[in-house]
Amino acid sequence: MTILLVMVGYLTGSVPCAWLLGRRRGTPDLRTVGSGNVGATNLLRVSGSRAAALAVALDVAKGAVPVALARGAGATVAVASAVGVAAILGHVYPCWLAFRGGKGVATTCGAFGVLAPVATLAAFAVFAVTVLATRYVSAGSVLAVLALGPLAAVTGSPGSTVVAGLMATGLVVFRHRANLVRLAAGTERRLGGPTGNG
């Protein structure tokens, strides 16, 4: 049962929502435009805010639904945490797009919204304040995910959820490594700026 639930998590996370929405709206393959990323931020830049908002909602659901299903099926917190990590891994490395996916932020939000809702809400506040202050989505994303594991710990989440949070942090920060280089160099694109890296 555990393996099946983890596989469902990965396959659900692998659904490339932003890429599919872009194709439906007639946008060229997201891998060939803008930043080349197949996540909602790149979709925002090439297809507009409404499509991006829907992509974010679907990406959140990709994390939340398999974790909620696992819990509903009687899985332990540890197994549900593994399902959440699998969903994030699926978003980052989707089997449908040759393992070239998004950066995992919204799917992390969905998974941990079920696993550790208070910590996730606090991490989202970190994201929102950072983006409002700097207009760097990447900075907000990285700071929020760095806060997630410690916030889960201090708000009383089980150890397996804290470990899963740290694993999600590693994945998301790794996927933002190019953004971090550009932030350090002062060349990262701000939200609302010209189309570019994201």
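**Helix contacts, cores and a cavity**

Student: What covers the buried residues of helix α3?
Tutor: This is a predicted model, in which local features need pLDDT of at least 70 and side-chain atom pairs pLDDT 80 or more, while totals for chains, interfaces and linings use all residues. Residues are numbered from 1 along each chain as its sequence is written, and side-chain values use heavy atoms, with hydrogens and water left out. The buried residues of α3 (40-47; helices are DSSP runs of H or I, at least four residues, numbered from the N terminus) are A40, N42, L43, R45 and S47, where buried means under 20% relative accessible area with a 1.4 Å probe, protein chains only. Their cover includes α2 and α4.

Student: Which residue just after α3 takes a positive phi?
Tutor: Helix α3 spans residues 40-47. The positive phi, about 105°, comes just after it, at G48.

Student: How far apart in space are A64 and C109?
Tutor: A64 sits in helix α4. Setting aside neighbours within four places in sequence, A64 is in contact (heavy atoms within 4.5 Å) with G110, A111 and V114. A64 and C109 are separated by 45 residues in sequence, and their C-alpha to C-alpha distance is 8.0 Å.

Student: Which helix gives the largest share of the largest nonpolar core?
Tutor: A nonpolar core is a set of buried Ala, Val, Leu, Ile, Met, Phe, Trp, Tyr and Cys residues joined through side-chain atoms within 4.5 Å. The largest one has 22 residues, of which L5, V67, A70, V83, I88 and F112 touch the most other members. At least two residues each come from α4, α5, α6, α7, α8 and α9. The largest share, six residues, is from α5.

Student: With which residues is V83 in contact, leaving aside neighbours within four places in sequence?
Tutor: V83 is among the members of the largest core that touch the most others. With those neighbours left out, the contacts of V83 are L5, V6, G9, P66, V67 and A70.

Student: How many residues are in the other core, the one that includes A18 and L30?
Tutor: This core lies apart from the largest one. Besides A18 and L30, V33 and A40 are among its members, and the total is 11 residues.

Student: Which helices each supply at least two residues of the lining of the largest cavity?
Tutor: The lining consists of G13, S14, V15, P16, C17, A18, V38, K62, H91, P94, G101 and G102. At least two lining residues each come from α1 (2-14) and α2 (17-24).

Key
On a 1 Å grid over the protein atoms alone, a cavity is a set of points where a 1.4 Å probe fits but cannot get out, and a pocket is an open set with protein on both sides within 12 Å along at least five of seven lines; lining residues have an atom within 4 Å of a point. Buried means under 20% relative accessible area, exposed over 50%, partly exposed in between (1.4 Å probe, protein chains only).
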